[in-house]
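Please open the structure in your viewer and keep the selection tool at hand. The stops below are meant to be followed in order, each with something to select and a short account of what is there.

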Number of protein chains: 2
Amino acid sequence: MVHNGGMTTLQIVESTAAEACCTPSGMQVLGADEAQGKAQLFKALADPNRLRLLSIVKASDGGEACVCDLTEPLDLGQPTVSHHLKILVDAGLLHREKRGTWAYYSLVPGALERTADLLSAL
Amino acid sequence: MVHNGGMTTLQIVESTAAEACCTPSGMQVLGADEAQGKAQLFKALADPNRLRLLSIVKASDGGEACVCDLTEPLDLGQPTVSHHLKILVDAGLLHREKRGTWAYYSLVPGALERTADLLSAL
DNA sequence: TCGGCATATCGATCATCATCAATCTATCCA
DNA sequence: TGGATAGATTGATGATGATCGATATGCCGA
């Protein structure tokens, strides 16, 4: 609100869900739909155990780890770890590959960097 | 877990709460305390309305905005906006300056960039 | 000093989330 | 084929969070 009686110059840019992840060129401030999608990504990062999962996977030999690698260091039950991994996969941060009995998780290349860019581009 | 019967090579590095935000040089994976602190920061970003608040403040004239600038575009009640702003201030992302009756909020310089760096450095 | 305005805080409510125990599915091996 | 193992799914529970109405605080102008 401008206290000299003038109009505010802010422009709210709305967008459809389909284009929620690509930024319109003329955008001034984040629209509701884009904000929703980006918040979803940060929600995936807003848990200490999920941050540790990403860190352990990144530091693991070969850049991948299976669930049994991740249960012990986090001191969580296997279903809970599996649940967190699913959230990270759904967010596009982790990749899941099943080989035989084991499921191997690895970082999606560039995903963390793209997420970081979201912040600078806010 | 290494399936050839050998020991795992992962090292968990713990740290006290006091040093939760500075990364020890020899660190391999995120310890529980560091993860806690970093998750707290991402929690502040994990809400679409708070992302829009940051975006509006950043795009505002002079880089600052008061609560009455922010209530209308978000279509939220004033107490709710005030609540979100407090979370962003507590997270170190926004700065609050009271001038007369109005409270002006502005981005903490470099805060978003530092948060982005947390991701690349995971 | 008083009334009005901007903002903050409080208390309650409803929704979301993290976690676990139990169970299910799929794969491997004997 | 049957048992064992890795991982996913389900259902329940306790905790955390977003939102609002009501109220408190603090500042300004008459």
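Begin with the hairpin of chain A, which is built from strand 2 and strand 3 with 2 residues between them, and look in its turn for Gly100(A), whose phi is positive at about 65°. Keep in mind throughout that this is a predicted model.

Now widen the selection to residues 94-99 and 102-107 of chain A, which are strand 2 and strand 3, and you will find that they run antiparallel and are joined by 6 bridges. Within this pairing, His95(A) has Ser106(A) as its bridge partner in strand 3 of chain A, while Arg96(A) stands opposite Tyr105(A) of that strand. Next add residues 64-66 of chain A, which are strand 1 and which pair with strand 3 of chain A in the antiparallel sense over 3 bridges. Here Ala65(A) has Tyr105(A) as its bridge partner in strand 3 of chain A.

Before leaving the hairpin, show the side chains of Arg99(A) and Tyr104(A): the arginine lies over the face of the tyrosine, at 4.1 Å from the ring centre. If you search for ring-on-ring pairs as well, the count of aromatic pairs over all chains is 0.

Step back to the whole of chain A, where there are 5 helices and 3 strands, and where the elements follow one another from the N terminus as α-α-β-α-α-β-β-α. Chain A has 122 residues, of which buried residues make up 40%. If you display the contacts in chain A between residues at least 6 apart in sequence, 41% of them join residues at least 24 apart.

Where should you look for a positive phi in a residue other than glycine? Select Asp75(A), whose phi is near 55°, and which is found in the loop between helix 3 (67-74) and helix 4 (78-90) of chain A. Most residues other than glycine have a negative phi. Is Asp75(A) buried or exposed? Its relative accessibility is 69%, and because the cut-off for exposed is over 50%, Asp75(A) counts as exposed.

Move on to Arg114(A), which has its place in helix 5 of chain A. Leaving aside residues up to four places away in sequence, Arg114(A) touches Val108(A) and Pro109(A). A distance label drawn from its C-alpha atom to that of Leu93(A), 21 residues apart along the chain, should read 9.9 Å.

Turn now to chain B and select its sheet, an open one in which 3 strands are arranged in the order 1-3-2 with antiparallel pairing. Strand 1 (64-66) and strand 2 (94-99) of chain B each have a single partner strand and stand at the edges, so one side of each is left without a neighbour in the sheet. On average, and with direction ignored, neighbouring strands of this sheet are turned by 30° against each other.

Colour strand 2 of chain B and strand 3 (residues 102-107) of chain B to follow their antiparallel pairing over 6 bridges, in which Leu94(B) has Leu107(B) as its bridge partner in strand 3. Further along, Arg96(B) stands opposite Tyr105(B) in strand 3 of chain B. These two strands form a hairpin with 2 residues between them, and Gly100(B) in the turn has a positive phi of about 65°. Show Arg99(B) too, which lies over the face of Tyr104(B) at 4.0 Å from the ring centre.

With the sheet still on display, add two helices of chain B. Helix 3 (residues 67-74) lies across strand 1 and strand 3 of chain B and runs at about 80° to strand 1, whereas helix 4 (residues 78-90) lies across strand 2 and strand 3 of chain B and runs at about 120° to strand 2. In the loop between these helices lies Asp75(B), with a positive phi near 55°; at 70% relative accessibility, Asp75(B) counts as exposed.

For the last stop, select helix 5 (residues 111-120) of chain B and pick out its buried residues, which are Ala111(B), Leu112(B), Thr115(B), Ala116(B) and Leu119(B). Looking down the axis of this helix, you will see these residues fall within an arc of 140°, so they line one face of the helix. What covers them includes helix 1 (32-45) and helix 5 (111-120) of chain A, together with helix 1 (32-45), helix 2 (48-59) and strand 3 of chain B.

Note on methods: Residues numbered from 1 in each chain as written. Chains lettered and ligands numbered in written order. Heavy atoms only, no water. Phe/Tyr/Trp six-rings, centres within 6.5 Å; stacked < 30°, edge-to-face > 60°. Lys NZ or Arg CZ within 6 Å of the ring centre and 35° of its normal. Pairing = 2+ DSSP bridges. Helix = DSSP H or I, 4+ residues; strand = E, 2+ residues; numbered from the N terminus. Axes fitted to C-alpha atoms, helices over the stretch in contact; angles between N-to-C directions. Contact = heavy atoms within 4.5 Å. Buried < 20%, exposed > 50% of the residue type's maximum accessible area, 1.4 Å probe, protein only. Arc of directions from axis to C-beta.
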